[in-house]
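Reader: I should like to examine this protein through a series of questions. Please show the sequence and the structure before we begin.

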Amino acid sequence: MFPLIGSGRYVTAPIITEDGHAIQDPIVLLQTNPGAQNGPFDPTSNPTPNMDVEPIKNKKEIQWKLTLHQIGLDVVRTDRTLVFYEKQDNLSKLWDILAVYAWLDTDVGYCQVSGLKMSVVATGMSDLCSPMIMLLEDEADAFWCFERLMRRL
């Protein structure tokens, strides 16, 4: 699994190219290094202890890592007027659940505007998952409620 899952952090920048090479941009390195501080990027430190040097060849993993970027962008936009999402921990819970779901259900993956049924055309997965995170304290419970909801759609 990706090292940020469950770390209390999330990524909004692309972390991988379509051919499986890790992106070595300073913003990406800062976001993907769980031990990174919020200070300026230090190129002399080892910023990529968890990044693969060799390109990834597994198509499922490449597609999933490409999706993590979009999940991160949508997470910071979801219910952003709510005080609940002012805490980084709550944003990372939403990111974790959506990232794990995208890994487990490759048929659906992740999409923001869902065409699964007409009743949810204007609703994305982050909007469907958000209330579960707010109502259920346990992240695992929120995940399984979301997974069951997605199965029913």
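The questions and answers below concern the predicted model shown above.

Reader: How many helices and strands does the secondary structure of the protein come to?

Author: In this predicted model, the pattern read along the sequence is α-α-α-α-α. The secondary structure accordingly comes to 5 helices and 0 strands.

Reader: What percentage of the residues of the protein count as buried?

Author: The accessible surface of the protein comes to about 8800 Å², and 53% of that surface belongs to carbon and sulfur atoms. A residue is called buried when its relative accessible area is under 20%. Of the 153 residues of the protein, the share that counts as buried is 37%.

Reader: Among contacts between residues at least 6 apart in sequence, what percentage join residues at least 24 apart?

Author: Ile5 offers an example of a link across the sequence, as its C-alpha atom is 8.0 Å from that of Val100, 95 residues apart along the chain. Ile5 lies in the segment before helix H1 (26-32). Not counting residues up to four places away in sequence, Ile5 touches Trp64, Trp95, Asp96, Ala99 and Val100. Among contacts between residues at least 6 apart in sequence, the share joining residues at least 24 apart is 60%.

Reader: Is Ser126 buried or exposed?

Author: Ser126 lies in helix H4, which covers residues 125-135. Leaving aside neighbours within four places in sequence, Ser126 is in contact with Asp74, Thr78, Leu94, Leu98, Tyr110 and Gln112. Because its relative accessible area is 0%, Ser126 is buried.

Reader: Which residues are in contact with Asp74, leaving aside its neighbours within four places in sequence?

Author: Asp74 lies in helix H2. At 3% relative accessibility, Asp74 falls under the 20% limit and therefore counts as buried. With neighbours within four places in sequence left aside, the residues in contact with Asp74 are Tyr110, Gln112 and Ser126.

Reader: With which residue does Arg77 form a salt bridge?

Author: Side chains of opposite charge can pair when their charged atoms come close. Arg77 lies in helix H2, and its partner lies in H2 as well, 3 residues apart, about one turn of the helix. Arg77 is partly exposed, with a relative accessible area of 45%, whereas the partner is buried at 3%. The closest N and O atoms are 3.2 Å apart, and the residue that pairs with Arg77 is Asp74.

Reader: What is the N to O distance in the salt bridge of Lys65 and Glu61?

Author: Lys65 and Glu61 both lie in helix H2, where they are 4 residues apart, about one turn of the helix. Lys65 counts as buried at 10% relative accessibility, while Glu61 is partly exposed at 23%. Their side chains meet in a salt bridge with an N to O distance of 3.2 Å.

Reader: How many salt bridges does the count come to?

Author: Arg151 forms a salt bridge with Glu147, with the closest N and O atoms 2.8 Å apart. Because Arg151 and Glu147 are 4 residues apart in helix H5, about one helical turn separates them. Glu147 is buried, with a relative accessible area of 15%. With a nitrogen-to-oxygen cut-off of 4 Å, the number of salt bridges comes to 3.

Reader: How far apart are the end C-alpha atoms of helix H5?

Author: Helix H5 covers residues 139-152, which makes 14 residues. At 1.5 Å a residue, these should span 20 Å. The model agrees with this expectation, because the end C-alpha atoms of H5 are apart by 20 Å.

Reader: What arc around the axis of H5 do its buried residues cover?

Author: The buried residues of H5 are Ala142, Phe143, Phe146, Glu147 and Met150. They lie on the same side of H5, because the arc they cover around the axis is only 135°.

Reader: Against which helices do the buried residues of H5 pack?

Author: The face of H5 turned away from its buried side carries the exposed residues Trp144, Arg151 and Arg152. The buried residues of H5, for their part, pack against H3 and H4.

Reader: Which residues make the nonpolar surface patch of about 280 Å²?

Author: One member of the patch is found in the loop between helix H2 (59-77) and helix H3 (88-104), namely Leu82. Leu82 counts as partly exposed because its relative accessibility is 31%. The nonpolar surface patch of about 280 Å² is made by Leu82, Met134 and Leu135.

Terms used. Residues are numbered from 1 along each chain as its sequence is written. This is a predicted model: local features need pLDDT of at least 70, side-chain atom pairs count only at pLDDT 80 or more; totals for chains, interfaces and linings use all residues. Side-chain values use heavy atoms; hydrogens and water are left out. Helices (H or I, at least four residues) and strands (E, at least two) are DSSP runs, numbered from the N terminus. Buried means under 20% relative accessible area, exposed over 50%, partly exposed in between (1.4 Å probe, protein chains only). Contact means heavy atoms within 4.5 Å. Patches are made of residues with over 30% relative accessible area and no salt bridge: like charges are joined within 9 Å, nonpolar side chains (Val, Leu, Ile, Met, Phe, Trp, Tyr) within 5 Å. Accessible areas come from the Shrake-Rupley method with a 1.4 Å probe; for residues, only the protein chains shown count as cover. The expected span of a helix is 1.5 Å times one less than its number of residues. The arc is that of the directions from the helix axis to the C-beta atoms.
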